[in-house]
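Biologist: I should like to learn how to read the features of a structure. May we look at one together?

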Amino acid sequence: MAGRADRVVLGFRPHTYWTAVVALSGDVVAPTLVDRRRIDFAAGDQRFVYHQAVSLSPAKAVAKIQATRRAVETAAAQGVKALLAGLAEAPVRLAVVPVGRPPAEDLAEIIRSHAAIHAAEGQFYRDALAEACRALGLDVARVAEKELLLEASRTLQSPAAKLEAHLKVIGGKAGPPWGEDQRMAALAAWIGLADLAN
């Protein structure tokens, strides 16, 4: 199962105001790191928007969330666009952005529970990043973040230990930073490479 050497897939591991992004290319069995970086897409009161909603009236909370979503999407698109500009010689068609636990749909229900607030925020920033990638013309695939390794093992038909060993090799060649965020982003990209090869 070999992929095209010139095809690049972006994998992300988002947080509430930034994301790790890893670009992989090459052979699906043993992909090559093309780029990795951190993209900041929120600052100041754009961070932890659902925590802020607790102290606002329902109308102001909805307005705040909507305004923050627009700002985060714009900033994320700028960061991804800068990455794509550096990869101009290789086609990037796909971004893989993990999903978390689906939040409650009702804002009043979300802000009654601290756990629900965290779930909503996690998904809010993941979704904003995915939409920013779509706005740049990329196809976007979504994979459950908690199942990335399992999904990669299933998709690549390879034991998880073997995948982790190759990620360690990639990280060793790249040097720091190469922590959990970069490994998870790389797994997301690797799943995307396999999907394109099929």
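Biologist: What span should helix α7 have, and how far apart are its end C-alpha atoms?

Modeller: Before answering, I note that this is a predicted model, in which local features need pLDDT of at least 70 and side-chain atom pairs count only at pLDDT 80 or more, while totals for chains, interfaces and linings use all residues. Residues are numbered from 1 along each chain as its sequence is written, and side-chain values use heavy atoms, without hydrogens and water. Helices (H or I, at least four residues) and strands (E, at least two) are DSSP runs, numbered from the N terminus. The expected span of a helix is 1.5 Å times one less than its number of residues. Because α7 has 18 residues (residues 180-197), it should span 26 Å, and its end C-alpha atoms are indeed 26 Å apart.

Biologist: How many residues of α7 are buried?

Modeller: Buried means under 20% relative accessible area, exposed over 50%, and partly exposed in between (1.4 Å probe, protein chains only). In α7, 14 of the 18 residues are buried.

Biologist: Is glutamine 78 buried or exposed?

Modeller: Glutamine 78 lies in helix α2 (residues 58-86). Its relative accessibility is 55%, so glutamine 78 counts as exposed.

Biologist: Which strands pair with β4?

Modeller: Two strands pair if DSSP finds at least two bridges between them. Strand β1 (residues 8-14) runs parallel to β4 and is joined to it by four bridges; valine 8 stands opposite valine 92 in β4. Strand β5 (residues 139-141) also pairs with β4 in the parallel sense, over three bridges, and alanine 95 faces valine 140 in β5.

Biologist: Why is β4 described as largely enclosed?

Modeller: Strand β4 (residues 92-96) is largely enclosed by the rest of the structure because four of its five residues are buried.
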